[in-house]
Every structure is written in structure tokens, then in C-alpha cells.
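Me: Could you take me through one part of this model in detail, please? I would like a close look at the ligand site and what surrounds it.

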Amino acid sequence: MRLEKSWRWFGEKDAVKLSDLKQMGVEGVVTALHHIPNGEVWPIDEIQKVKDKIESHGMRWAVVESLPVSEGIKTHNEDYDRLIANYCQSIENLGKCGIDRICYNFMPVLDWVRTDLHYKLESGGEVMLFDFPTFIAFDAFILERPGATEDYPKDLLEKARKLFEQMTDTEKEKLAYNTIIVTQGFINGAVDGSEPDYKGRFLELIGKYQLIDRDQLRKHLAQFLQDIIPTAEKSGVKMCIHPDDPPFPVLGLPRIVSTHEDLEWICNAVDSPNNGLTFCTGSLSVNRDNDLVGIVKTLGDKIHFAHLRNNTFLKDRSFHEQGHLYGDVKMISIVEALLKQQLQRKVSGRKDVRIPFRPDHGIKMLGDYNRNANPGYPMIGRLMGLAELDGIQSAVEYSMNKSPKERTAV
Ligand code: DNO
């Protein structure tokens with residue numbers, strides 16, 4: 001049995017239409033009610049409308065990505081009780097509509113980070129780059145976050161200073177705007193793009209974490225899980241936390257969903273089948289100590305959703321994204337491990353055997369240059385990824401079904 005082929009769709013505004021997805025062989029749609037502001041309840045009728053539309057095209061709403069966790073929950077501020085009540089209500093409403101998987105993340109202030117959204121590959125295609133010295137230049141010299149210069153090794157800080165000195169004012173502004181607004185806006189980011197002083201607002205939000213270190217943030221996540229998982233259980237919804245991207249602290253903020261140990265901690269914080277993981281290969285692989293196949297082997301029963309993406313690793317913790325089969329991430333072994341996990345589920349009689357996966361990001365190529373898309377979500381690049389990943393599954397499944405004798409016969 002194959003992993004479920006899914007695709008992130010950004011709603012009616014998406015240049016890729018539901019009818020296109022059906023042609024591509026997509027089975028499950030991954031989407032969210034993007035128009036509902038963070039912290040507000042997702043009403044049943046709005047959920048149902050989207051669900052009906054997806055089903056009218058012969059697919060299902062496989063995963064909600066994301067039901068955003070407000071900053072007030074992450075910092076556990078005075079608004080916490082209201083925000084949790086709303087979050088639980090949204091889970092309940094989704095459950096009532098028969099949607100059973102919700103992806104979310106717990107990254108303070110800033111979700112994913114890239115420093116160049118148009119990095120050219122030799123082929124002429126475009127991917128996204130995270131260049132750590134450039135990110136440091138943004139943090140220490142453009143944003144001038146208090147204390148930033150003390151957070152980095154001297155040699156990287158020097159590299160960053162030189163980069164900063166070479167940047168034009170337009171380049172500096174673009175880097176800040178891309179980091180705080182462009183890459184965050186389409187996923188309900190923490191800062192409103194229309195705020196003229198968006199950098200000031202961003203710094204203000206970061207400041208709210210002054211007293212929140214790694215241990216404290218873990219306490220807030222544990223509390224959040226204790227508060228929502230009973231509702232998820234009652235509603236028949238599986239929560240799956242997305243790892244930090246990149247998987248290390250940025251902007252002096254703690255990140256607690258970065259390593260194998262972090263994932264284990266989260267699964268143990270509330271022991272429930274409804275408390276699970278989004279296995280994102282692109283995010284987790286950037287910490288070279290993470291053994292991705294090992295994670296599937298030990299925590300596979302908690303994986304409710306997979307993002308499959310490849311990276312090419314560069315020096316100084318930098319990386320750029322890559323075609324799904326062509327980077328440093330061992331995609332074939334990972335797909336094999338996920339398929340074996342599905343087999344185990346089948347043997348043990350679990351009902352939720354199939355794990356939805358989506359080709360995460362992709363190379364911008366060909367007609368993608370003439371079609372509007374959110375950063376990382378080109379249609380053709382992702383379609384190529386979907387086809388490649390499906391090809392891997394077919395081959396792995398074929399060989400898994402063969403006897404050892406057949407496998408070695410020439
Ligand atoms: C960007 C994505 C993130 C991710 C969310 C999940 O393309 O990796 O937006 O979907 O963080 O909550």
C-alpha cells in the first residue's frame with residue numbers, strides 16, 4: 001500500500017485549481033482556512049464549504065496545514081485561556097466535519113527562514129537558499145536585535161558584517177521584508193505586512209520571549225498539549241507537530257522541535273495516538289545529527305503526515321533546497337522506512353494505515369516563471385517531485401513484495 005499522494009493547496013486564490021490536482025493524481029488535499037485570522041475559531045460552515053468543494057473534485061481534505069498556534073499560546077500570556085478555548089473549538093469543528101489530521105508548529109515568532117528566494121541552480125531552475133552569514137547580517141545589522149552580536153561565533157559575525165557592508169539599501173530592505181513578511185504572510189504570519197514599522201513590530205514580538213528559554217517553552221508546549229489533546233481524542237483528530245525550519249535557535253529564540261530527542265520528548269509529554277508528528281525531511285535533515293530513517297524506525301507510529309523535501313548542504317550550516325531525488329537527503333531509504341511503517345500498521349490492525357505525504361517545495365522551472373505562486377510552491381517543480389516520489393514508492397513497494405530469492409535472481 002502506497003503513501004497517500006497529497007498536495008498543498010492555498011484555496012481559491014491558488015493559481016493551481018482543484019481540477020488540476022485531480023489530473024496530477026493527487027488523492028488528498030492539504031489546506032487551511034487561510035482567511036480566518038490567527039486565534040479565531042474556524043466555523044463549521046466555512047470548513048464544510050471547503051471540504052465539499054474538494055470532495056466535488058473527487059479528492060478528500062487529508063490534512064489541515066496549519067491550524068496556527070498564536071503567539072499568546074506560545075508565550076502563555078493573559079489571553080491564553082481564550083486562545084486555547086478557540087483552538088479546541090476549531091479542532092472540535094474540524095472533527096465534526098470528518099477532518100482528522102491537523103498540522104501545526106510551535107516556532108516562536110518566525111516560522112520557516114530562507115535568505116534567498118530565487119537561488120539559481122546550474123540547470124536554470126530556482127530554489128530557496130538559507131545562507132547563515134546572510135541571516136546573521138539580517139539579525140545583527142539590519143534588524144539590530146539587542147544582544148544579537150553576542151549570539152554568533154566571531155568568524156561568522158565577521159562574514160556577516162562584510163556581507164552587510166556590501167549590500168545596497170534596497171537589498172537590505174528586501175532581505176528583511178522577505179524574512180518577516182513574504183515567507184510568513186501566506187501562512188498567517190505573526191506580523192501584518194501592511195504595518196509600516198513591521199521590523200519594529202517584529203522586534204517587539206521577539207522581546208516577549210525575553211524570559212522564555214528552552215525549558216520554559218517546553219513547559220508551554222506541554223501545557224498546550226495537555227489542554228488540546230483530550231479534545232483531539234474526543235473529536236477523532238490527530239495532531240501532528242511540524243519541526244523547526246531550520247532546526248536550531250534563531251534570533252535568540254528557543255526552538256524545541258529540532259532533534260530526535262525533542263520529538264521523543266513531545267510524544268512522551270502526552271502519551272496519546274492523537275499526539276503525533278509531521279515528519280518533514282527538509283527541516284529535520286538540516287541538523288546533520290538527525291538520523292531520519294532512525295526517526296521513522298523509532299517514532300514511526302506517531303507520524304501522521306510527511307513532508308518530503310531534499311536539500312544540498314553547504315558550509316556554515318547553510319543549505320539550499322534541491323530536487324526531491326537529488327540532494328543530500330537519502331530519500332529512497334526514507335520512503336522505504338515509511339512504507340515499512342505502513343506495513344506494521346496494517347499487521348497490527350491499525351485503521352489509519354496510509355500516511356499522507358506531500359512533495360514539499362520544489363524547483364521553480366519552465367511555466368512556473370509565468371504563474372504566481374507562494375515561495376516554495378511552484379506547480380511544475382512540485383509535480384515533478386510528486387512524480388519522482390511516487391516512482392520511488394512504486395519501485396520500493398515492488399521490491400518489498402518480492403521474495404529474497406526473487407530479489408537476488410538476475
Ligand atoms: C513552508 C512550510 C511551513 C509549514 C508550517 C507548518 O513552506 O514549511 O509553512 O508548512 O510551518 O505548520
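Reply: Happy to: here is a walk from the ligand outwards to the strands and helices around it. Please keep in mind that this is a predicted model.

Let's begin at the ligand itself. There are 14 residues around the ligand, and Glu65, Ser66, Asp111, His361 and Tyr377 come nearest. Three side chains are worth picking out for their polar atoms. Ser66 places a polar side-chain atom 2.6 Å from an oxygen atom of the ligand. For His361, an N or O atom of the side chain is 2.7 Å from a ligand oxygen atom, and for Asn105 the corresponding distance to an oxygen atom of the ligand is 2.9 Å. How much of the ligand's accessible area does the protein cover? The protein covers 100% of the 330 Å² that the ligand has on its own.

Ser66 makes a good starting point for looking further out. Ser66 sits in the loop between β3 (60-65) and α3. Setting aside neighbours within four places in sequence, Ser66 is in contact with Arg8, Ala32, Trp42, Cys103 and Tyr104. Asn188 is 122 residues away from Ser66 in sequence, yet their C-alpha atoms are 9.1 Å apart in space.

On the other side of that loop comes helix α3, which spans residues 71-74 and includes Glu71. Is Glu71 buried or exposed? Glu71 counts as buried because its relative accessibility is 16%, and the cut-off for buried is under 20%. The side chain of Glu71 has polar partners: there is a polar contact with the side chain of Tyr209 at 2.7 Å, and another with the side chain of Lys74 at 2.9 Å. Beyond the neighbours within four places in sequence, Glu71 is in contact with His76, Met107, Pro108, Val109, Ala190 and Tyr209.

Now for the strands. β3 belongs to a closed barrel of eight strands, in the order β1-β2-β3-β4-β7-β8-β9-β12, with parallel pairing. From one strand to the next, the twist averages 30°. Within the barrel, β1 and β2 run parallel and are joined by three bridges. Arg8, one of the contacts of Ser66, stands opposite Val30 in β2. In a regular strand, side chains alternate between the two faces of the sheet. Strand β2 (residues 28-31) is covered on both faces, with Gly28 and Val30 buried on one side and Val29 and Thr31 buried on the other.

Further round the barrel, strand β8 (residues 275-280) pairs with strand β9 (residues 303-308) in the parallel sense over four bridges. Thr278 stands opposite Phe305 in β9. Helix α14 (residues 379-400) lies across β1 (4-8), β9 and β12 (356-359), and runs at about 165° to β1.

Finally, there is another sheet to look at. It is an open one of four strands, ordered β5-β6-β11-β10, with antiparallel pairing. Its edge strands are β5 (116-120) and β10 (310-313), each pairing on one side only. Neighbouring strands of this sheet are turned by 40° against each other on average, direction ignored. β10 pairs with strand β11 (residues 319-322) in the antiparallel sense over four bridges, and Phe313 stands opposite Phe319 in β11.

Notes: Residues numbered from 1 in each chain as written. Predicted model: local features only at pLDDT ≥ 70, side-chain atom pairs only at ≥ 80, totals over all residues. Heavy atoms only, no water. Helix = DSSP H or I, 4+ residues; strand = E, 2+ residues; numbered from the N terminus. Buried < 20%, exposed > 50% of the residue type's maximum accessible area, 1.4 Å probe, protein only. Polar contact = N/O pair within 3.5 Å; in protein donor to acceptor, adjacent residues only side chain to side chain. Contact = heavy atoms within 4.5 Å. Pairing = 2+ DSSP bridges. Axes fitted to C-alpha atoms, helices over the stretch in contact; angles between N-to-C directions. Near = heavy atom within 4 Å. Areas by Shrake-Rupley, 256 points an atom, 1.4 Å probe, with all protein chains shown as cover.
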